[in-house]
Amino acid sequence: MEARKWKMSEFAAASSASYANPFWDVQVRAEFVHPASGTRQSANAYYDGLDDTGSQCWKVRWTPVHEGSWLCRIWSVPANEQLEARFQVEALPAEEGSKGFLRADTEASYGFRFDNGEPYFLFGDTMYNVFGAHYCDVDVESIFSHRKSQGVNYIRARLQVSPYHPEVANQWQTKDLWPWGGSAQMPVFTKLNLAYFKAVDEVVAMGAKLGIGFEMIPEGWLFEFPFNDRGKFLPEYEAFWNSYIVARYAAFSSVYIWCPANEYEFYPLGTPGRLKESNRWFKGLTKQIRGEDPYAHPIGAHNWEKVVPLHERLGDCETVDVFLVQTEWGTETEKWTKDASLCIGIESDMKHHFGTGNKVCVCAEFGYERAEGLLTAGGHQRMDHHHTRRGQWRAGFSGYAVVHGFDNTWGAHMRLDKDPIGAAYLPLYYRFMTETLRFDRLAPSPESLLSASGSEKEGTLPLCLRDAGAGVTAVYFPATGFCELPEALTERASFQWYNPRTGQMNERERCERPLFTTPESAEGTPGGDDWVLLVEAVQV
């Protein structure tokens, strides 16, 4: 047999002898050994229904991480001769453009790289129920293509589809989305809905084709059934659920991050508050996933609790690689204590959870911008397009990758005819960070601001990034103001002003002094206009 490095292959094993419950009554496993390197990969197979002959069929998805000869073995527990095989696979060199799996790297700017060493600028959107939407015949490919054209390359998505949509009915669901056997009223947690999972397969493959990766969330909101009923959803059923998801999807290169549970602190009762218990449970969940994932995809922790920082709770957990931070955006909505257009506090919230920096940190949730005529939750209604724009620039200029949220694809809606205004700002930011600047060489440089207008408390303090090797300094002003840079950065340098609201770059000028004041504008942006200063050393 032949395969390719960093490309998924699939092997099938079938049994004419039937099991009463093939999901539960037998486990099929595989091992792949690369003698030249000593690499050994163990993977579980997943049950996928009947094959063309009517036999019960299990499949192994496998991606070689080295080229060359691999020795492969498949077997079952309890033993079944029809589910046993030994064979050799020759893994050819990787195809042109293949990058391998995404890795979290605390030494990399913005925290990520691929196996081939290429740095990655993760830039995301939240589409929790996108797998269910595709299962219900929503044109998900057009949604992905649209977001991809805007720079989005990462999607937060739940494997279990939420039945809860606050204050508004689900507008796209046409089928039962219960992923287990039975129904929500009479669940059978030892079986799974294969038709639903085949739809998930198609979406994950679609992402790979388009260059979009997924944050795979096996357990969504823990206040929903079955995750809020541990009397019915036993630990054994939970372990089976996670094992099946890892077995079916770990070999896809478009699986970027496992997020075992969204807002994990709602364990075990469906309400937050049992932090010691939820921390222990979450650490155990990450160890299970890491132990069954042959490729060691990054594992992320997504929080609800804002006061106790993630680094204090999970910084010692070796199987957590990424903090998927939810900021305190509720103070801009329910509490009405901030001007939402300024996205105040996002930098301090990120620092609060980041701690010592031994994990990669992503700004994974900072609010959901409303789309005209659509509603998911009342609290989203203060999230305007200025909040979206400033949030991405403020988090990005603090050194963190950003994931957005929009009402039109968040939960109850899956439609693009009413794209929120702020979606138009996505490509402006993405192109600036990846084309105008070299994101992989950038680092936050607050010390470069000798003086500046505004304050962090008011959400008006400028933020600075530097590419020291190229002599490039960039300063984001959330509102109009001034800053002073060291003369060493401005002598023999030029500067330009970039408008993040329009994407227009002003003419380049020679730096005459190290003090810079934002241009005047008549746009009347709430909170004041925001600007980006770009200072570049003049090439001699």
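How do the residues of the lining of the second largest pocket divide into nonpolar, polar and charged? Hold on to that question for a moment, and welcome, everyone. One thing to say early: what we are looking at is a predicted model.

So, the answer. The lining of the second largest pocket has 14 nonpolar residues, seven polar ones and eight charged ones. The pocket itself holds about 540 Å³ of space. It is lined by 29 residues, and those closest to its centre are Glu 263, Trp 304, Gln 326, Trp 329 and Glu 334.

Now let's turn to the largest pocket. Here the space comes to about 650 Å³. There are 33 lining residues, with Gly 97, Lys 99, Ala 208, Gly 211 and Ser 253 lying nearest the centre. Two elements give two or more residues to this lining: helix H3, residues 194-210, and helix H9, residues 426-436. The biggest contributor is H3, with four residues. As for the chemistry of the lining, 14 of its residues are nonpolar, 10 are polar and nine are charged.

Since H3 gives the most to that lining, let's walk along this helix. At its N-terminal end, Asn 193 acts as a cap, with a side-chain oxygen 3.2 Å from the backbone nitrogen of Ala 195. Does the length of H3 fit what we expect, or depart from it? With 17 residues at 1.5 Å a residue, H3 should span 24 Å, and its end C-alpha atoms are indeed 24 Å apart, so the two agree. Just after H3 comes Gly 211, which has a positive phi, near 80°. You met Gly 211 a minute ago, as one of the residues nearest the centre of the largest pocket.

Which residues of H3 are buried? They are Leu 194, Tyr 196, Phe 197, Ala 199, Val 200, Asp 201, Val 203, Val 204, Met 206 and Gly 207. It helps to remember that an α-helix has 3.6 residues a turn, so residues three or four places apart point the same way.

Next along the chain I'd like to show you helix H4, residues 235-249. H4 has 15 residues and reaches 21 Å from its first C-alpha to its last, close to the 21 Å expected. This helix is mostly covered, with 11 of its 15 residues buried. Among them are Trp 241, Tyr 244 and Arg 248.

Keep Arg 248 in mind, as we move to salt bridges. Side chains of opposite charge can pair when their charged atoms come close. How many salt bridges are counted in this model? The count comes to 34. Salt bridges that share partners join Arg 248 into one network with Glu 10, Asp 48, Lys 59, Arg 61, Lys 198 and Asp 201. Asp 201 is also on the list of buried residues in H3.

Let me pick out three pairs. In the pair of Lys 283 and Asp 316, the closest N and O atoms are 3.1 Å apart. Lys 283 sits in helix H5, while Asp 316 is in the loop between helix H6 and strand E18, so this pair ties together parts 33 residues apart in sequence. Asp 316 counts as exposed, at 58% relative accessibility.

The second pair is Arg 441 with Asp 467, where the closest N and O atoms are 3.3 Å apart. Arg 441 lies in the loop between H9 and strand E21, and Asp 467 lies in strand E23, so the pair ties together parts 26 residues apart in sequence. Is Asp 467 buried or exposed? It counts as buried, at 4% relative accessibility, whereas Arg 441 is partly exposed, at 34%.

The third pair is Arg 508 and Glu 536, whose side chains meet at 2.9 Å, N to O. Arg 508 is in the loop between strands E26 and E27, and Glu 536 is in strand E29, 28 residues apart. Arg 508 counts as partly exposed, at 48% relative accessibility.

To finish, two buried loop residues. Ser 453 lies in the loop between strand E22 and E23, and is buried with a relative accessible area of 12%. The side chain of Ser 453 reaches the backbone nitrogen of Phe 482 at 2.9 Å. Ala 423 lies in the loop between strand E20 and H9, and is buried at 1%. The C-alpha atoms of Ala 423 and Arg 389 are separated by 8.6 Å, though the two residues are 34 apart along the chain. Thanks for listening!

Conventions: Residues numbered from 1 in each chain as written. Predicted model: local features only at pLDDT ≥ 70, side-chain atom pairs only at ≥ 80, totals over all residues. Heavy atoms only, no water. 1 Å grid on protein atoms, 1.4 Å probe; cavity = no way out; pocket = protein on both sides within 12 Å on 5 of 7 lines; lining within 4 Å. Points joined across faces, edges and corners; volume = space filled by probe spheres on them. Nonpolar A, V, L, I, M, F, W, Y, C, P; charged D, E, K, R; others polar. Expected span 1.5 Å × (residues − 1). Buried < 20%, exposed > 50% of the residue type's maximum accessible area, 1.4 Å probe, protein only. Polar contact = N/O pair within 3.5 Å; in protein donor to acceptor, adjacent residues only side chain to side chain. Salt bridge = Lys/Arg side-chain N within 4 Å of Asp/Glu carboxyl O.
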